[in-house]
Amino acid sequence: MSNNHAVIIGAGAAGLMCAISAAESGVDVLVIDHANKAGKKILISGGGRCNFTNMYTEPSNYLSQNPHFCKSALKRYTQWDFIAEVDRVGLPWHEKKLGQLFSDNKSQAILDMLLNRCDELGVTIRLNCTMETVSQQENGFILNTNQGVIECHALVVASGAMSFPTMGATDFGHKLAKKFGLNITETRPGLVPFTLDARDLAPLKNLSGVAIDAMVSCRDMSFRENILFTHKGLSGPAILQISSYWKPGQSVTVCMLPDIDLAQFFKDAQQNQPNKQLNTVLRQHFPERLIEAFCQDFDLSKPLQQYKHKDLTSIAERFQNWQFIPSGTEGYKKAEVTLGGVDTDEVSSKTFEAKSVKGLYFIGEVLDVTGHLGGFNFQWAWASGHCCGKAI
Ligand code: FDA
């Protein structure tokens with residue numbers, strides 16, 4: 001095989017996008033993946049309808065040791081560029097909420113869009129291909145795989161990271177970066193449910209499946225969305241978002257129904273409807289199971305006029321200033337992303353080429369760039385993939 005071509009390791013979101021933009025520039029591209037199918041994470045994403053981008057994508061939606069690194073690519077390939085591509089092939093889409101754009105059809109439609117474009121451009125995708133060794137030679141790289149030896153002038157690592165190993169995720173990219181002397185920042189699961197220890201979980205055991213609107217805060221970060229009680233702890237979009245900012249031992253604060261000042265609401269109700277039971281007032285706002293779990297030691301059956309202000313404030317605080325320390329997270333098995341990764345100081349933000357290894361590129365989740373929940377991670381995959389593809 002000629003070595004005047006690029007090899008992309010990983011037929012996921014970033015790898016396929018990179019293949020398309022490189023092939024559009026005339027590069028001969030081979031994409032290899034150890035999985036038996038391309039784009040498995042695209043298929044399971046967004047509950048099966050791929051939340052493919054977010055209308056409000058900004059650099060501030062990303063976590064990285066260097067928050068400036070993502071700016072250039074996000075500016076050069078924006079959410080509108082991806083939307084234009086989706087429109088070009090006539091795929092219907094809709095905004096669900098908060099700028100999150102989903103395919104009207106199954107996620108397969110987005111994957112097919114990418115695979116069809118690869119096909120039109122003559123990109124070769126080789127599946128079930130596992131890497132044995134990768135070494136550098138004078139004008140590029142030589143890969144020993146279970147399907148023979150492959151040479152290339154540019155090698156793009158788009159192999160993602162460790163989240164959701166059942167979908168083929170591995171630490172291959174990080175290991176390869178280390179082998180070439182690149183630094184890896186500390187990695188941990190992100191966008192992941194919290195677990196609680198047995199003592200904290202006990203009063204919540206009947207709540208599994210209950211969801212409620214909340215503001216969730218940790219350190220100086222807050223997210224407003226639903227939280228969901230699970231049989232292991234907490235999940236739901238607001239919890240997943242804050243999990244990316246949480247470190248073991250830190251406390252998390254939950255304010256349920258943040259639009260209402262509950263203490264004031266109780267006091268007003270006490271004045272206006274003194275004979276109404278506290279229970280009835282609470283049920284206007286919270287599911288029965290939640291009230292039972294959070295007020296186990298309170299008699300809620302009395303008329304409002306019989307409660308002291310201090311008791312009403314204390315009940316309000318249980319819902320609006322609930323603090324807990326997660327015992328941990330559900331780990332990479334359930335994490336949507338991996339935080340940390342190839343240190344962005346090692347890579348050009350324009351081309352994604354490693355500064356110290358000519359011809360070696362890193363894109364997508366393998367890098368230390370992690371988006372918030374809501375289509376931001378795919379937007380990073382598209383943007384980094386596109387910009388790298390134009391550079392190889
Ligand atoms: P990605 O993981 O997509 O691709 C890497 C590829 O490399 C895979 O095909 C893998 O098989 C291959 N590979 C790995 N190791 C290899 C090796 N050793 N040799 C050869 N190939 C190898 N984001 C979003 O924006 N909107 C959403 O709706 C969702 N939903 C969602 C749901 C779930 C359940 C998860 C787990 C994740 C999401 N995400 C998401 C996150 C999103 O899926 C993720 O950010 C991107 O897929 C990252 O794209 P990459 O191409 O970098 O990696």
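**Exercise 1. State which residues UniProt lists for the Rossmann fold-like domain, and describe that stretch.**

Step 1. An unreviewed UniProt entry lists residues 5-390 for "domain: RsdA/BaiN/AoA(So)-like Rossmann fold-like". UniProt annotations may be inferred rather than shown by experiment.

Step 2. Over residues 5-390 the chain is 30% helix and 23% strand. Helices (H or I, at least four residues) and strands (E, at least two) are DSSP runs, numbered from the N terminus.

Step 3. The end C-alpha atoms of this stretch are 13 Å apart.

The model is predicted: local features need pLDDT of at least 70, side-chain atom pairs count only at pLDDT 80 or more, and totals for chains, interfaces and linings use all residues. Numbering runs from 1 along each chain as its sequence is written, and side-chain values use heavy atoms, without hydrogens and water.

**Exercise 2. Describe the shell around the ligand.**

Step 1. The shell holds 29 residues (a heavy atom within 4 Å). Ala 14, Asp 33, Thr 170, Glu 365 and Phe 378 are the closest.

Step 2. Sort by type: 12 are nonpolar, 13 polar and 4 charged. Gly counts as polar here.

Step 3. Assign helices. Helix 1 (13-24), helix 2 (40-44) and helix 13 (376-391) each give at least two residues. Helix 13 has the largest share, 3 residues.

**Exercise 3. Find backbone polar contacts to oxygen atoms of the ligand, then its burial.**

Step 1. Apply the cut-off: N or O atoms within 3.5 Å.

Step 2. A backbone atom of Glu 365 lies at 2.8 Å. For Gly 46 the distance is 3.0 Å. For Gly 375 it is 3.5 Å.

Step 3. Alone, the ligand exposes 1,000 Å² (Shrake-Rupley, 1.4 Å probe). The protein buries 94% of that.

Note on methods. A polar contact is a pair of N or O atoms within 3.5 Å; within protein, one must be able to donate a hydrogen and the other to accept it, and residues adjacent in sequence count only if both atoms are side-chain atoms.
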